[in-house]
Amino acid sequence: MALKLKEVLAKEKAHVMSLNDLGKLRKKMGVSRTKRFASFAASYPRVFNINKDKDSVLWMEFTDEVEDLLEEEEQFRKHVHEPWVVGTLQKLLMLSADRRLAIDKVGHLKHELGLPDDFRTNLVHKYPQCFKVLDNGGSNGPLLELADWDPSLAITARERKIKEESCEFDDLIGENTGYGFRIDNPKGYTLRKKQREVMACFQTLPFPSPYEDASGLGQNSLELEKRTVALVHEFLSLTLRKRAVVNHILHFRKEFRLPQRMLALLLRHQGIFYVSLKGDIHTLFLKEAYEGSTLKEKNPLLDFNSRLGELCRIRKVETVGSNDAQILHGQKDKEGQDHLLANNEKVHDNDFDDKEDSGEDEFTDEEESGEDDKGCNEQYADLDDGLDDPYTESSTDLDDIRP
């Protein structure tokens with residue numbers, strides 16, 4: 001909720017809003033009616049201030065410390081993150097078959113890519129050398145088209161990593177062919193002889209760049225499956241946290257030429273990907289980007305939410321008096337002890353991550369009902385924010401992968 005309030009207040013011109021106006025946004029923010037904004041803000045004295053004007057109207061605003069953090073974030077987004085977003089959008093368009101995507105579909109990736117709020121109205125028009133906006137009059141709305149192909153961008157993160165670090169990815173068959181993916185199978189994960197042979201064949205197939213035309217690959221072929229895995233691998237590599245809501249990927253099924261049983265394909269390659277289920281939302285993680293549940297290379301933009309999280313860890317505490325509990329907001333007691341405690345309350349790092357906006361993005365593919373959902377790695381359990389994982393550690397049937 002702290003992040004939701006930060007996003008709402010940050011959009012206001014003076015970063016201030018009345019509690020009455022905040023109350024009107026409860027449904028949009030996903031905040032229950034029992035949650036009192038004033039009490040919540042008072043719990044985080046290093047983040048929010050509550051002031052009363054001459055008409056006794058209560059207003060919420062940021063503290064000076066948070067205002068400084070927001071100014072620093074704004075400068076970072078403008079001078080560092082924006083060029084990165086432009087390059088990422090170009091690569092996303094280069095992955096699509098027609099080099100164009102519906103802008104509204106791209107908008108679903110706002111949190112995954114760290115897109116600015118005005119990317120539809122400003123960003124895509126700011127770089128005409130990179131993008132064209134087409135009004136096709138269709139149901140999907142305006143299209144974002146690649147203005148010019150940039151060969152320097154048509155290099156996958158995997159290829160770049162191999163070139164820079166001379167990495168050996170083929171852990172499964174123990175050969176450095178340059179074709180295989182890094183494999184991190186779940187604990188207890190076993191393959192029968194036939195499955196092992198199929199996977200060895202998959203690993204030794206030439207690596208098909210997802211930036212190249214795939215129209216010549218046979219339908220249901222192992223070559224096409226490897227190309228699909230390569231595309232999803234690259235897609236996740238483009239995101240801030242190397243993860244994405246599965247349904248956000250499926251929005252681009254036609255544009256990326258993804259198979260119908262996409263979830264089943266992902267679960268066949270659980271040594272490469274980790275599929276999490278929270279509520280009815282499937283989230284896909286790129287395993288090699290994580291050490292346990294920790295992201296190995298953190299995008300600098302994420303540091304700002306982490307720093308906000310640190311401020312949110314400074315909480316008010318209750319001191320029990322003779323009659324009732326008294327809430328203190330950082331005042332000193334008689335012995336000079338500060339009543340701001342760090343890490344005394346249960347505050348999770350993930351509370352300050354950008355949350356994927358589920359909205360209309362429910363996982364609706366009937367054929368992907370989750371019956372094949374098995375084989376997750378327990379060392380990644382923390383990625384699910386502590387929720388029980390519906391998957392079990394067992395062998396996944398690879399018999400339907402065609403060599």
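## Working through two small sheets and the helices over them

In the protein chain, residues 24 or more positions apart account for 66% of the contacts with a separation of 6 or more (contact means heavy atoms within 4.5 Å). You're looking at a predicted model, so to speak with filters on: local features need pLDDT of at least 70, side-chain atom pairs count only at pLDDT 80 or more, and totals for chains, interfaces and linings use all residues. Residues are numbered from 1 along each chain as its sequence is written, and side-chain values use heavy atoms, with hydrogens and water left out.

**Exercise 1.** Take stock of the protein chain: how many helices and strands are there, and what percentage of the residues count as buried?

*Solution.* Start with the elements: the chain has 15 helices and 15 strands. Both are DSSP runs numbered from the N terminus, helices being H or I of at least four residues and strands E of at least two. Next, burial: 46% of the 403 residues count as buried. Here buried means under 20% relative accessible area and exposed over 50%, with partly exposed in between (1.4 Å probe, protein chains only).

**Exercise 2.** Work out the strand order of the open sheet that holds β4, β5 and β6, then find what stands opposite L143.

*Solution.* Step one is the order, which reads β4-β6-β5 with antiparallel pairing. Two strands pair if DSSP finds at least two bridges between them. The edges are β4 (100-102) and β5 (131-134), each pairing on one side only. Neighbouring strands are turned by 25° against each other on average, direction ignored; angles run from 0 to 180 degrees between N-to-C directions, and axes are lines fitted to C-alpha atoms, for helices over the stretch in contact.

Step two is counting bridges. β5 is joined to β6 (residues 143-146) by 4 bridges, and β4 to β6 by 3.

Step three is the partners. L143 of β6 has L134 opposite, and A102 stands opposite L143 too. Elsewhere in β6, E145 faces K132.

**Exercise 3.** Sort the residues of β6 by the way they point, and say whether they are buried or exposed.

*Solution.* Begin with the general rule: in a regular strand the side chains alternate between the two faces of the sheet. In β6, L143 and E145 go one way while L144 and L146 go the other, and all are buried. Then add the helix: α5 (residues 64-95) lies across β4, β5 and β6, running at about 90° to β6.

**Exercise 4.** Describe how α5 and α11 meet: at what angle do the axes cross, and which residues make the contact?

*Solution.* First the geometry: the two axes come within 11 Å and cross at roughly 165°. The helices α5 and α11 are therefore roughly antiparallel (under 35 degrees counts as roughly parallel, over 145 as roughly antiparallel, 65 to 115 as roughly perpendicular, the rest as oblique). The crossing is left-handed, that is, the near helix is turned anticlockwise from the far one by less than a right angle (clockwise would be right-handed).

Now the side chains. α5 brings K91, L92 and L95, and α11 brings R227, L231, E234 and F235. That splits into 4 nonpolar, no polar and 3 charged residues. Ala, Val, Leu, Ile, Met, Phe, Trp, Tyr, Cys and Pro count as nonpolar, Asp, Glu, Lys and Arg as charged, and the others, Gly among them, as polar.

**Exercise 5.** Follow α11 to its own sheet, then find which residues A230 touches beyond its neighbours within four places in sequence.

*Solution.* α11 lies across β7, β8 and β9, at about 90° to β9. That open sheet has the order β7-β9-β8, with antiparallel pairing. β7 (243-245) and β8 (273-278) each have a single partner strand, so one side of each lacks a neighbour in the sheet. From one strand to the next, the twist averages 20°. β8 is joined to β9 (residues 281-286) by 6 bridges, and F273 stands opposite L286.

Now zoom in on A230, found in α11 (residues 222-237). A230 has a relative accessible area of 2%, so it's buried. Setting aside those sequence neighbours, A230 is in contact with F181, F207, P208 and P210. The C-alpha atoms of A230 and F207 are 7.8 Å apart, across 23 residues of chain.
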